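I set out to record how the chains meet, how one helix packs, and where one loop residue sits. The entries follow in that order.

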Amino acid sequence: MNFNDVKVLIEERFGPDAILGTEETGLQPALLVQPDRIAGICTELRDNPATYFDFLACLTGVDHGADERAFSVVYHLSSIPYNTQLVLKVKKQVNETSGEMPFFDTVSPVWKTAEWHEREAFDLLGIYFTGHPDLRRILLPDDWEGHPLRKDYETAEYYNGIKIDF
Amino acid sequence: MTRYEALLSNIEPQEMILNMGPQHPSTHGVLRLELITDGEIVKEVIPHIGYLHRCFEKHAENLTFQQTIPFTDRMDYLASMNNSHAWAMGVERMLGIDKEIPRRVEYIRVLVCELNRIASHLIAVGTYGIDIGAFTPFLWCFRDREHIMGMLEWASGARMLYNYIWVGGLFYDLPVGFEERCREFVDYFKPKMVELNQLLTDNQIFISRTANVGVLPADVAINYGCSGPMLRGSGIKWDLRRADEYSAYPELEFDIPVGKGLMGTVGDCWDRYKVRIDEIEQSVFVIEQCLERLQKELKRTPDFDPRGKLPRKIVPKAQDFYVRAENPKGELGFYFVCDGRTEIPKRVKARGPSFNNLSVISEISRGVLIADLVAIIGSIDIVLGEVDR
């Protein structure tokens, strides 16, 4: 099943507003999905015998920088029986004044892979995943301040009163 | 309340929390496992990682593509060639020059990658033996690995962290006489594998310790994103060298070994071990084919320049791209986000195979003995440099 078939399938199942658009400029086309629908769409893509995306290869959080003030999460799915790949993207604007974390629905009930990848995105980018069973920091210490992969992150000079030399 | 807090607050009076690591030798580096134990029985395993976090992704956001290659070497430091191969391949595809790479360069890349795969599997097998209590195979594996280290040092100048595969080519051509020495190594190495099999693979004590231990069913393996020997040990024939047909692999012959449950259940520790042993044999076979071609139709010529196709300035078009390659540990992926204006990527994510393979540990070690947990960690074959990046 190619990219356009998957797009038609999702639109049939979840309505035309579930897909906000496509990105077909690069080598790998991507589907921009409405953020609230991502968990349902992922379950459908995994369980539908025509698509069967049983393997979540990678989950990436992206900070789009100071101009856009938006965060997105990119899902790279692959199907082992069909040897196909698919890229899904969700994107949300963040209201800077309220200082809240960007949040997305978790896909960890669909693929357990997502559990650690979402913890990593939470740790390094401060993206919050609602419904995640164990959202803690994973790579950095529990008492680390800030999220280093954010574009507005300022390098910490002290950690627990210890000067960081580098 | 997170699941972690719930686990710790619901602990029974007879249960004990035990920290295994980060300095425990059988955790293969700085991995800390928090165990909830009832006597010798492991009730729950909570892995804590990050002790070796070196900010690979942050570094990659501040360096050009060529400058990041030494950092990729330091991820899975037992298979540096494979890491930089994946990185170089991804950047070449983004630039659209992946079809212009000379055949000789591709074959040299495959040759050094497969040598490195053997070296990585030898460490996995040798240290697995020592985890279980067999000391001799460890020494034998390191002795044989040393020949590979010597050859790769000859080619690149470094013993472990090579920086040999560059975007668009290689650091240098193979030194004169490399192919002959490699052939000598292959002839030397084949009987050594027979010895190793007699000593460890068919050893009754080793089988008793590993068969039917840590059984990983295929559906669980896929759901947790396990790849490489972990997934193949569970009986799934999935190898990206065949699925993606990248580099020179479509022209090379090799089998994909899978776990068959010969000694116990499909997907147990022995099956994962056996897949690595079989893969070493397949890699030797691939190396022989590469040498055959490198010595005949792709022979070294005086005017051959492995840096000839090196782009002077690497500025990919605005796009994002995910590249994946089969590492000794499994699927290594790099995800690039480029804005098309600078030489520096906007975002890079590394998907390490060990990171995903390790996440399954709490699922497959519920209710095992502590001694079996050591066998399970060894069979996953993690490299903490890649788990933590």
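Entry 1, the interface. I looked up the contacts between the two chains: 29 residues of chain A are in contact with 33 residues of chain B, contact being C-beta atoms, placed from the backbone, within 7 Å. On the side of chain A that touches chain B, β3 (55-63), β4 and α3 (113-125) each supply at least two residues. The largest share, six residues, comes from β3(A). By class I find 17 nonpolar, seven polar and five charged residues on that side of chain A; Ala, Val, Leu, Ile, Met, Phe, Trp, Tyr, Cys and Pro count as nonpolar, Asp, Glu, Lys and Arg as charged, and the others, Gly among them, as polar.

I note that the model is predicted: local features need pLDDT of at least 70 and side-chain atom pairs pLDDT 80 or more, while totals for chains, interfaces and linings use all residues. Residues are numbered from 1 along each chain as its sequence is written, and chains are lettered from A and ligands numbered from 1 in the order in which they are written.

Entry 2, helix α2. Helices (H or I, at least four residues) and strands (E, at least two) are DSSP runs, numbered from the N terminus. In α2 (residues 38-47) of chain A, I find A:I38, A:I41, A:C42 and A:L45 buried (20 or more other C-beta atoms within 10 Å of the residue's own, placed from the backbone; exposed is 12 or fewer, partly exposed in between). Seen down the axis, the buried residues of α2(A) fall within an arc of 100°, so they line one face of the helix; the arc is that of the directions from the helix axis to the C-beta atoms. The buried residues of α2(A) pack against α1 (3-14), β2, β4 (70-79), β5 (84-93) and β6 (103-105) of chain A.

Entry 3, A:E24. I located A:E24 in the loop between β1 (19-23) and β2 (30-33) of chain A. A:E24 counts as exposed because it has 11 C-beta neighbours inside 10 Å.
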